[in-house]
Each structure stands twice: as structure tokens, then as C-alpha cells.
Amino acid sequence: MTAARSSVKKGDRVLVLGGGGGVGSHLLQLLKKYGASHIAVTAAASPSSAEAKRLVGLGADSVIDYRRESWWERKAGQSPFDMIVDLVGSYESWQRATKRGGVLKTGWNGGRYLTFVGDERYMQIHSLTGIFSFMGKMMSRALFTRIFWPFYPKWAHFMDLDPSNGNLDELVRLVAEDEFRPILDRRSPYKFKLSEVKKAMKRQESHRAKGKVVIQIASGL
């Protein structure tokens with residue numbers, strides 16, 4: 001929620017990479033609420049599929065089927081995006097997004113690249129050296145794009161682990177006022193027992209969940 005509220009500007013054209021999952025399904029709603037004028041999303045979904053219609057219902061204006069289209073290639077007459085939100089994670093995505101004359105504006109023109117996952121979907125850090133290596137890459141890229149911002153979009157890695165920042169209260173209010181819809185994966189909620197928790201973890205790891213994977217701790221909630 002913080003990412004959508006603090007990063008998007010009114011009238012922004014936004015591209016969300018991997019917007020069909022749990023985070024993306026909710027981020028689409030918030031981006032549109034906080035001012036995005038056009039949201040494109042990459043997903044394994046043809047334009048006429050039920051999944052594409054679901055994403056449009058959540059706020060997407062167009063769906064790019066990454067199995068058939070190259071999202072980093074700007075079509076004739078298409079304006080570049082003001083911001084890319086990366087929910088997939090890879091250095092290759094950053095390289096593709098920053099091609100000259102590509103899909104994302106330069107920093108001079110207000111372009112931003114916001115990633116939730118960094119260069120790797122799963123971080124494997126086994127030592128202090130690994131921590132410094134990871135942090136070094138993130139900090140150096142952020143610094144580099146701020147120094148050379150006229151030529152590159154500003155890059156930022158988003159991480160918000162503060163439960164006291166008021167976001168949960170704000171989300172509860174939006175839900176109560178029908179301005180935000182929590183999206184659960186069709187197999188959720190799972191029961192709080194070992195066999196069900198294992199199923200939930202496998203579902204999460206499959207990257208096929210269309211919404212949040214939830215484990216119900218107590219009955220009646």
C-alpha cells in the first residue's frame with residue numbers, strides 16, 4: 001500500500017510485471033485508486049481469457065500475455081510508461097526496461113522502476129558476505145540511477161516491514177467502504193494442520209495462485 005501511495009503520480013501510465021498473483025491482484029486496485037490513468041499488466045493470459053477479464057476487473061486497462069508478446073518492445077504510437085513495478089524479479093527485466101527508446105521513460109522525463117523482489121525471486125544468503133553483496137548491488141544501482149538520472153529511470157527496491165505505519169487500518173477502512181477488495185486464491189483458506197499447511201506452501205511455491213494464499217488459524221474468523 002505504501003508503494004502505491006508514495007510512488008504513483010496522478011495520470012501515470014504504469015506497467016506491472018507479474019500482476020496476476022497475490023501482491024499484484026491487490027496492487028492493481030491501489031494503483032488505480034491513487035492516480036494511475038492507465039495500467040498494463042503482464043500475465044499468462046490471452047486477451048479473451050477469464051484471467052485477463054479478472055485482471056481488468058481489478059483495475060488493469062490492458063493485459064500483456066508474456067508468452068506471446070515481448071513487454072519491453074514499444075509498439076508504434078505507444079507512449080512509454082512512467083513507472084514499471086516489478087513483482088517477478090530479475091536483472092534481465094531491468095536491462096530490458098532501460099533500453100533506449102523502450103517502454104519506460106528516462107529519469108529526465110520522470111521514469112521510475114520499482115521492484116519488490118530485486119534481481120532474484122528467492123534470496124539465498126548463507127553468510128554475512130552474502131548480505132553485504134546483496135545490499136551492495138541494491139544500493140549501488142539506486143545510487144547509479146540517481147547520479148545518471150537524465151539517462152536512466154530511477155530504480156528503487158521496496159521493502160516495508162513496519163506494522164505500525166497505519167496501512168492495515170487504512171486497508172480495513174477501504175474494505176469497509178467497498179473501495180478495496182481482498183482477493184484470495186480459489187483454494188484458500190487452508191486449515192491450520194500440517195497436511196493443509198504443506199498444501200498451502202506448495203501452492204505458494206507454484207506461482208499459480210491467483211490471489212493470496214491464506215491459512216485459517218482459528219474457526220469463525
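## A tour of salt bridges and one helix

Start by selecting Asp 61, which is partly exposed, with a relative accessible area of 38%. Keep in mind as you go that this is a predicted model.

**Stop 1: Asp 61 and its partner.** Add Lys 32 to your selection and show both side chains: they meet in a salt bridge, with N to O at 3.2 Å. Zoom out a little to see where the two residues come from. Asp 61 sits in the loop between helix H3 (50-58) and strand S3 (62-65), while Lys 32 belongs to helix H2 (residues 22-33), so the pair links distant parts of the chain, 29 residues apart. Lys 32, at 30% relative accessibility, is partly exposed too.

**Stop 2: Asp 82 and Lys 105.** Here is another salt bridge between side chains, this time 2.7 Å from N to O. Asp 82 is in the loop between S3 and strand S4 (83-86), and Lys 105 is in the loop between helix H4 (91-97) and strand S5 (112-115); the pair therefore ties together parts that are 23 residues apart in sequence. Which of the two is buried? Asp 82 is, because its relative accessible area of 10% falls under the 20% cut-off. Lys 105 has 24% and counts as partly exposed.

**Stop 3: a network.** Now select Asp 65, Arg 67 and Arg 68, which a network of salt bridges links together. If you would like to keep hunting, a search of the whole structure finds twelve salt bridges.

**Stop 4: helix H7.** Select residues 194-206. The 13 residues of this helix should span 18 Å at 1.5 Å a residue, and the C-alpha atoms at its ends are indeed 18 Å apart. Next, color Glu 196, Ala 200 and Arg 203, the buried residues of H7. Look down the helix axis: these buried residues fall within an arc of 60°, so they line one face of H7. What do they pack against? Bring up strand S7 (190-191) and strand S8 (215-216), and you have the packing partners. Turn to the other side of H7 to find Leu 194, Lys 198, Lys 202 and Glu 205, which are exposed.

**Stop 5: a bridge within H7.** Stay on the helix and select Lys 199 with Glu 196. They form a salt bridge whose closest N and O atoms are 3.4 Å apart. Both residues lie in H7, three residues apart, or about one turn of the helix. Lys 199 is partly exposed at 47% relative accessible area, whereas Glu 196 is buried at 15%.

**Last stop: the end of the helix.** Step on to His 207, which follows H7 and has a positive phi, near 60°.

Technical notes:
Residues numbered from 1 in each chain as written. Predicted model: local features only at pLDDT ≥ 70, side-chain atom pairs only at ≥ 80, totals over all residues. Heavy atoms only, no water. Helix = DSSP H or I, 4+ residues; strand = E, 2+ residues; numbered from the N terminus. Expected span 1.5 Å × (residues − 1). Buried < 20%, exposed > 50% of the residue type's maximum accessible area, 1.4 Å probe, protein only. Arc of directions from axis to C-beta. Contact = heavy atoms within 4.5 Å. Salt bridge = Lys/Arg side-chain N within 4 Å of Asp/Glu carboxyl O.
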